[in-house]
Amino acid sequence: MRDIALAALDAATLAGASYADARVVFERSETVSVRTGRVDAIGSSETLGLGVRVIADGAWGFAATADLSPDAIRLAAREAVALARAAARTWSAPVRLSDAPIVTDEWRAPCEIDPFSVPLDEKVALLLAADEAMRAEPLVSVTAGSLDAWSVSKVFASTEGSLIEQSHTEVGAGIEAIAVTDGEVLTRSYPNSHGGQTVQAGWEAVLALDLVGHAPRIAEQAAALTRAIPCPSTTTTVILDGSQMALQVHESIGHPTELDRVLGDEAAFAGTSWVRASGLGTLRYGSERLNVVADATTPGSIGSFGYDDEGVPAQRFDVVRGGVLAGFLSSRESAVAIGRSSTGCARASGWDRIPLVRMTTVSLEPGEWDLDDLIADTREGIYMETNSSWSIDDKRLNFQFACEIGWEIKDGKLGRMIKNPNYTGITPQFWSSLDAVCSPRHWQVWGVPNCGKGEPMQVAHVAHGAAPARFRNVQVGVAR
Amino acid sequence: MSMHETAAEIAERTLALARGDEVEVLASVERSALTRFANNRIHQNVAERSAGVSVRVVVGTRQGCAATDRVDEESLERCCERAREAALRAPEDPSFPGLPEPSEAAAAPARPLPDPDAFGPDARAEAAAAIIAQSAERGLTAAGTVSVRAAGIAVANSRGVRLAATTGAARATVLSMHASGASGWASWLGTDPAELAADSLGDRAALLAERSVGAEPLEPGSYPVVLAPDAVADLLDFLGYTSFGARAYFERSSFVALHEGERLFPETLTIVDDALSPEAVGLPFDFEGVPKHRVALVERGVPAGVVTDSYWAAKLARTNTGHALPAPNPWGPMPLDLAIEPGDATVDEMIAAVERGVYVTRFHYVNVEDPATVLLTGMTRDGTFLIEDGRLSRPLANARFTQSVVEALKGLQAIGRTRELVGTEDGGACLAPALALASWQFTGQTG
């Protein structure tokens, strides 16, 4: 893989590139899923290819190929240079990159039990056991479970002299119980919705989830949702569980602080941001209790790496401190546009995509509350768990989330169960209403392996640490 | 050799290597390129050449799949072995109906195919520059894409299925932005890049942006709406995902299961999936090698059916409509070439018929809150206008909606007589007319 990357750099230089980097990526993946007692997918995939990114005539070009023959490598490099030269016709100023250290290094994430070494029949048996446990509940008519594993090895090389090899393994798993009544679909998931929990670890992390042990509880809750009350349409206090907080951070803090978005590079597809580059250090993002860090060194997180896909070392930095904007997620190109250095967030979803500014592990720092105490401290409100739907506008201001389940809070106690609760808000007002975050005991890193961005679309694996948190004066029960 | 001939050759080679009671091979050869611009300049310019092989091996009724993007002999052999190993470790599946037999294919429509070489970096940059110029000359900022994709797809199985075709499209999109935040949008999708009128596309978006300056917030509430084709395409996409597949029908999470045969919508509404339409760009067969059928999903206002693949056709005792996704497929069959049959109204006539309502150019970040009623939430974007006394009276700030599409279509007032081919996020495309609806629930304002 090193030789391929270095050959691509040579070819790009000969073709006229003033800068080039090459990434050779080998990725294995495996998926097993079951639905209502039947195995509905069992498969694996391998992908190996080369991506060459160049600057020529001051503009960017990128070409990717799965054919790794010497001729194909040269063709890709020449194509990248031709693309750059074509792009240059609309450029008013050449691309500039912030400085980055020249690095020769290897980085490997820990993994105790290689998930690919675990026999497929063992994985199938685990999912079927959880599935059967959920189907014991008569009102649950649809059950599902999935296990996924990924292994990525990649080489990054640049004409500046960096040569970096990295590898990591990830696993994901989850189950869901669905009660379908005429006209309603009521879902409960464990440990999270949208495929469960995904971590940078081995099979040991799947075993620790105890899918089978949690199956009866979520099936009972799905059944109970058929008898639950609808979400009242009102403005009230809301406590969100950690997994929903993770997505709230993702959509309304992670994305708006991506510097390429702030600078307009994503405008046509995912949108821009309400945050301006000039707001650094002064913009009031939320209440003083709001502290958010981006940390690409978080152990076990799918947002972690040794170096980003521009060869910039993984970093931990403040995004919001005491409610004030403190940093941006950035790449070398976006950072230099505001006179800064890259914060190491340029990530590509594979060999066939360019690095974009992506989240790493963007986390809400924990507070001091115990969840029981927080509920006891709440006279009236709603406690919501587990995301079921998310939507946010093109400036990352107006959002609406729905959750799988909620409970009334009355006089400090959880009351009746609520089905399909949702809430809506405007980003800075919402975060300004944050008045409590639970303690490290409740704090956990949640993987989000389905973060879409860019054209062509890239799906990134990112993560968020979060604990339950309380917000005042939130509009709930929209169109309920 | 054409792209699909190359794919067919790879599929044949792979089939010869695989061991199993039954074997299916899906092979693809693809070239794509995308020129992306923002801030009135091309900032990303990418191209890709790739190939892929997916193998499904069946042993008894046990199935296993494996995929690779390496098409050398050794990699293909390893891929086949991984699929066989997976099948041997899978449980028996008594409901597995067997791989599809060869069947008579309807004649695929002859369509021009974009040539990635002819629509190369310089031609795309020229188109991007022409689009950008329309905004830049008016002090606006343009962002968007000019792209081309061609893919040869081949399916072969041990029962004798041998199908191959090349498909592809060129696409251009543009968002034009005013310094105030007002914006306009235009898009084009077609098989012949020569038909891309870049100047006029850029002009449409820029005009919308200029008309959107001075937007005011919309008071939340229910309003009659006129939805432009881009907005309608989003609704169609979600209807397909939530409601028109056999799995959702079987699990009774689709409104089609609850209302099949009932007159649910006005008689003017017919929704079909039809990859064979001359206006569509989809493959004429599915990823199991079954020729696609035109399927009426809503026929003259009546929920009429869902799309199937081999497994779900057998399960539901229905015809296999040819809508399988690539194996392994936990999602079930999906319609990828949805269309609403055209009506008889022009957009101007639809607007003229509204006393007080809202015109929506397109939606943004739509998601499902309840699949059974297709309750969606999302935002309007890039050209939302208040309609008063039959004309667009003033621009509106983007607004959030939370609305059941099933309920909204019950109030269908008019359907546009022309349709646009609109690309969807999943790589499909649908044929969407403008729609006029009696009621649409706007639930929030821009912050």
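Between chain B and chain A of this predicted model, the salt-bridge rule turns up 13 hits across the interface. One to look at is Arg89(B) with Asp121(A), whose closest N and O atoms sit 2.9 Å apart. On the polar side of things, 47 residue pairs are in polar contact between chain B and chain A, with both partners at pLDDT 80 or more. As for who supplies the surface, strand 2 (residues 41-59) of chain B gives the most to the side of chain B that touches chain A, with 10 residues. That side of chain B splits into 29 nonpolar, 28 polar and 23 charged residues.

Now for the extent of the interface. The size of an interface is often given as the accessible area lost when the parts come together. Here the area buried between chain B and chain A is about 6400 Å², and carbon and sulfur atoms give 49% of that. In residue terms, 80 residues of chain B are in contact with 82 residues of chain A.

Strands also pair across the chains. Strand 2 (residues 38-56) of chain A runs parallel to strand 3 (residues 62-68) of chain B, with 4 bridges joining them. To find the register, look at Ser45(A), which stands opposite Ala67(B) in strand 3 of chain B.

Inside chain A there's an open sheet of 4 strands in the order 13-12-11-16, with antiparallel pairing. Strand 13 (324-325) and strand 16 (362-364) of chain A are at the edges with a single partner strand each, so one side of each has no neighbour in the sheet. Strand 16 of chain A is joined to strand 11 (residues 292-295) of chain A by 3 bridges, and the two run antiparallel. In that pairing, Ala294(A) stands opposite Val362(A) in strand 16 of chain A. Helix 6 (residues 242-254) of chain A packs on this sheet, touching strand 11, strand 12 (316-321) and strand 16 of chain A, and its direction makes about 120° with that of strand 16 of chain A.

Last, some backbone geometry. Most residues other than glycine have a negative phi, and most peptide bonds are trans. These three spots depart from that pattern:

| Site | Backbone value | Where |
|---|---|---|
| Glu455(A) to Pro456(A), cis | omega about -5° | Pro456(A): loop between strand 22 (444-453) and strand 23 (458-466) of chain A |
| Ala327(B) to Pro328(B), cis | omega near 0° | Pro328(B): loop between helix 8 (310-316) and strand 11 (338-340) of chain B |
| Thr36(A), positive phi | phi near 50° | Thr36(A): loop between strand 1 (19-35) and strand 2 of chain A |

Technical notes
Residues numbered from 1 in each chain as written. Chains lettered and ligands numbered in written order. Predicted model: local features only at pLDDT ≥ 70, side-chain atom pairs only at ≥ 80, totals over all residues. Heavy atoms only, no water. Contact = heavy atoms within 4.5 Å. Buried area = accessible area lost by both parts, 1.4 Å probe. Salt bridge = Lys/Arg side-chain N within 4 Å of Asp/Glu carboxyl O. Polar contact = N/O pair within 3.5 Å; in protein donor to acceptor, adjacent residues only side chain to side chain. Nonpolar A, V, L, I, M, F, W, Y, C, P; charged D, E, K, R; others polar. Pairing = 2+ DSSP bridges. Axes fitted to C-alpha atoms, helices over the stretch in contact; angles between N-to-C directions.
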